[in-house]
Amino acid sequence: MDKIYVVHCWDGTKDDGWYPWLDKKISNDFVKVYRFNMPNTKSPKMDEWISKLKKQVTDLDENTYFVGHSIGCQAIMRYLESVDVKKIGGVLFVAPWLDLLPEAISDDESYRTASPWLNTPIDFNKIRDVVHNITCIFSDDDYFVSLEQERKFKELLNAKTLIVKNKGHISAEDGVEELEEIYDELLLIINKGKSNDYDKFAKKRQMDLISGAKQSHRFVEKPMMKSMLPELSGKKVLMLGCGTGEESLLLESFGAVAKDITGIDLSSNSIKIAKDTYPDINFVIGDMCELPFADESFDFVYSSLAVHYSETPEKVYEEVYRVLKKDGLFLFSVAHPLRWGSVEKDIDGETIRIIGCSKSEDGDTVYGNYHTFEKHIFSSFSKQNDGEILEFYVGSPSMHFKMLRNANFEILDFTESKCVEEAKDVDINYYRKHREIPQFMAFLAKK
């Protein structure tokens, strides 16, 4: 369960401005938003606000997130430097400040209230250490906070920053009842390093898979996996990185029964959709590096293009080995370095994707990486204009072979993907390219 704590602004309440909208928009069965009124809000005192947070916030962990507005951002920072915590998921600061414009503290009472917040040092090193991701949103016409604060938060907290236009102090007084940038950036923080953009694009991905719009799945990866699937009648099956659950249809076509299938994924929204779509299957949120299942729970583990989202595939293989029964099988697919380790190069006005080297008098130039285990970032902005961003890791076949053997697996089969004939009638160029150049590879291993 992801927990989001929203801390309102000076002279504000939990029900002001965009706070209720964000709560309603992001809350679901797997995301809980906590809003509460801070004490003495017209003259906020640092110790009172920190104490309030200590009473309200429980179970600080990597699934804990904070959203602060104005002085609420200050309160969150001062709270975090005062507690004993290893890591939290992230924070989103809206109109944050370390200094204020004169207009914000023009009268004696405001100046006296703000002085402790402005003059008490903050341990920025600790905040950087305990927070995975920090994003700050500023407005270009904020009458309390100058854009100089953007530079400070970048330098002091290594924060990602975003500037919106004509939103003032991004408050109820400015008529800001909704702001999509707040929702979008919070989703990115929650997804960062955990489930990529899968929460945000879960429904679209499901529709693309069902309709066959994703050519790489329909014509390349799925035929490869079908060719390697064994008979699954009477088997307990685990879908690793199951997304919205569509793989269950393929598994059932090979004899698996819904009640004997379990799906696990980090994306809470994907799991919610999967439960709604396939109610007879058991779906759980979880990390494939720390599977929440007993030893020898499954006869078969299936994973379609999910293992490569882990920076530590060896841990995935060890966990899969642990939850498999003796003689159990593990079938999975990952990205192939011939495609994803290659680079685009302009040659004589033509864009060419290559992996290899060129010779010159100054020495050889290498293009791409085949053997280096490396993170890749894929954006679909240019492809489908939907903005999905995915981060995954690509390594060589020999790397996976070695890791599987180190995890005590016996490797039964290995296949490199090849586009099927059906694609000719849909996209002949796609067919020609992926008929000869593999995008993915699949392994079948036995415990």
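Is Q149 buried or exposed? In this predicted model, Q149 is buried, because its relative accessible area is 2% and a residue counts as buried under 20%. Q149 has its place in helix α6, which runs over residues 148-157. Leaving aside neighbours within four places in sequence, the residues in contact with Q149 are P96, W97, L98, D99 and F138.

A second buried residue can be found in a loop. S417 lies between β18 (410-416) and α16. With a relative accessibility of 5%, S417 also falls under the 20% limit, so S417 counts as buried. Its side chain has a polar atom 3.0 Å from the backbone nitrogen of Q439. If residues up to four places away in sequence are not counted, S417 touches V220, M224, P438, Q439 and F440.

The loop that holds S417 leads to α16, and this helix spans residues 428-436. Which residues of α16 are buried? They are Y430, Y431 and H434. These residues cover an arc of only 100° around the axis, and therefore they sit on the same side of α16. The face turned away from that buried side carries N429, R432 and E436, which are exposed. Part of what covers the buried residues of α16 is another helix, α9 (215-226).

The N-terminal end of α16 has a cap. D427 provides this cap, with a side-chain oxygen that lies 3.2 Å from the backbone nitrogen of N429. N429 also belongs to the exposed residues on the face away from the buried side.

The next topic is empty space inside the model. Rolling a probe the size of a water molecule over the atoms shows where such space is left. How many cavities of 30 Å³ or more does the structure hold? It holds 1, and the largest cavity has a volume of about 30 Å³.

The lining of the largest cavity is made up of M239, L240, G241, C242, E247, Y302, S303 and S304. Two strands, β7 (237-240) and β10 (298-304), each supply at least two residues of this lining. β10 gives the most, with 3 residues. Sorted by character, the lining residues divide into 4 nonpolar, 3 polar and 1 charged.

Key: Residues are numbered from 1 along each chain as its sequence is written. This is a predicted model: local features need pLDDT of at least 70, side-chain atom pairs count only at pLDDT 80 or more; totals for chains, interfaces and linings use all residues. Side-chain values use heavy atoms; hydrogens and water are left out. Buried means under 20% relative accessible area, exposed over 50%, partly exposed in between (1.4 Å probe, protein chains only). Helices (H or I, at least four residues) and strands (E, at least two) are DSSP runs, numbered from the N terminus. The arc is that of the directions from the helix axis to the C-beta atoms. Contact means heavy atoms within 4.5 Å. A polar contact is a pair of N or O atoms within 3.5 Å; within protein, one must be able to donate a hydrogen and the other to accept it, and residues adjacent in sequence count only if both atoms are side-chain atoms. On a 1 Å grid over the protein atoms alone, a cavity is a set of points where a 1.4 Å probe fits but cannot get out, and a pocket is an open set with protein on both sides within 12 Å along at least five of seven lines; lining residues have an atom within 4 Å of a point. Grid points are joined across faces, edges and corners, and a volume is the space filled by probe spheres set on the points. Ala, Val, Leu, Ile, Met, Phe, Trp, Tyr, Cys and Pro count as nonpolar, Asp, Glu, Lys and Arg as charged, and the others, Gly among them, as polar.
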